[in-house]
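Subject: Handing over a structure for you to look at

Dear colleague,

I am passing on a structure that I would like you to open alongside this message. Please keep it in view while you read the notes that follow.

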Amino acid sequence: MATEAWPAEVVEIVGRTGLTGEAMQVKVRVLDSDNPRDVGRIITRNVLGPVRGPDPVSGEGGDILMLRDTGREARKIGRSEERRVGKECQPRCRSRWSPYH
C-alpha cells in the first residue's frame, strides 16, 4: 500500500515543543499537493528529529520534509510551554503546577 507524501520546505524554526522538548515546531511552505490551493501555502507542523531552517547568510532554503497531509496545522506554542520545556524545577518545587516554576 503506497502512501502519498507531498514535499514542503522549512522556512522558519519556531521552537521546541512536547513535554521534554523532543519535537521542533516549524513553518513550512508546501511545494506540491493534490489540492492546488495548498501549493505555496505556509503551515505550522511539529517535527521529530533533526531539522535545519534556511541559512541567513547564504539565503539557501531549509530542509525538505515529506508531508502525508497538507490540510492540518499544529497548535501554536503557548508562552508557558516555551518557558517550561527542557527546564528543571527548583528544589522547593513539589509539583508540576507549583507557583515556584
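Read along the sequence, the protein chain follows the pattern β-β-β-β-α, which amounts to 4 strands and 1 helix. Please bear in mind from the start that this is a predicted model, and that the values below were computed from it. The protein chain has 101 residues, of which 29% count as buried, and it exposes about 7,600 Å², with carbon and sulfur atoms supplying 49% of that area. If you take the contacts between residues at least 6 apart in sequence, 52% of them join residues at least 24 apart.

The pairing of the strands is a good place to begin. E1 and E2 are paired in the antiparallel sense, with 8 bridges between them, and within this pairing Ala8 stands opposite Val30 in E2. The hairpin of E1 and E2 has 5 residues between the strands, and there Gly18 takes a positive phi near 100°. E1 is also joined to E4, again running antiparallel, by 4 bridges, and here Pro7 stands opposite Met66 in E4.

Next comes the interior. Which residues make up the largest nonpolar core? There are 11 of them, namely Ala8, Val10, Met24, Val26, Val28, Val30, Ile43, Val47, Val51, Leu65 and Leu67. Strand E1 (6-17), strand E2 (23-30), strand E3 (42-48) and strand E4 (64-67) are the elements that each give two or more residues to this core, and E2 gives the most, with 4 residues. One member that you may wish to select in your viewer is Met24, which, leaving aside its neighbours within four places in sequence, is in contact with Ile13, Gly15, Arg16, Arg45, Asn46, Val47 and Val51.

A second residue to select is Glu9, which is found in strand E1. Is Glu9 buried or exposed? Its relative accessible area is 19%, and because buried means under 20%, Glu9 counts as buried. Once its neighbours within four places in sequence are left aside, Glu9 is in contact with Lys27, Val28, Arg29, Leu31, Gly61, Gly62, Asp63 and Ile64.

Two of those contacts, Leu31 and Ile64, lead us to the surface, where Leu31, Ile64 and Met66 make a nonpolar patch of about 290 Å². Leu31 lies in the loop between E2 and E3, and with a relative accessible area of 40% it is partly exposed. Ile64, by contrast, lies in strand E4; its relative accessible area is 48%, so Ile64 too is partly exposed, since that term covers values between 20% and 50%. Apart from its neighbours within four places in sequence, Ile64 is in contact with Pro7, Ala8, Glu9 and Leu31. How far apart in space are Ile64 and Arg52, which are separated by 12 residues in sequence? From C-alpha to C-alpha, the distance between Ile64 and Arg52 is 9.2 Å.

When you go through the model yourself, you might start from Glu9, a buried residue in strand E1, and then move on to Ile64, a partly exposed residue with which Glu9 is in contact.

With best wishes

Notes:
Residues are numbered from 1 along each chain as its sequence is written. This is a predicted model: local features need pLDDT of at least 70, side-chain atom pairs count only at pLDDT 80 or more; totals for chains, interfaces and linings use all residues. Side-chain values use heavy atoms; hydrogens and water are left out. A nonpolar core is a set of buried Ala, Val, Leu, Ile, Met, Phe, Trp, Tyr and Cys residues joined through side-chain atoms within 4.5 Å. Buried means under 20% relative accessible area, exposed over 50%, partly exposed in between (1.4 Å probe, protein chains only). Contact means heavy atoms within 4.5 Å. Patches are made of residues with over 30% relative accessible area and no salt bridge: like charges are joined within 9 Å, nonpolar side chains (Val, Leu, Ile, Met, Phe, Trp, Tyr) within 5 Å. Accessible areas come from the Shrake-Rupley method with a 1.4 Å probe; for residues, only the protein chains shown count as cover. A salt bridge is a side-chain nitrogen of Lys or Arg within 4 Å of a carboxyl oxygen of Asp or Glu. Two strands pair if DSSP finds at least two bridges between them.
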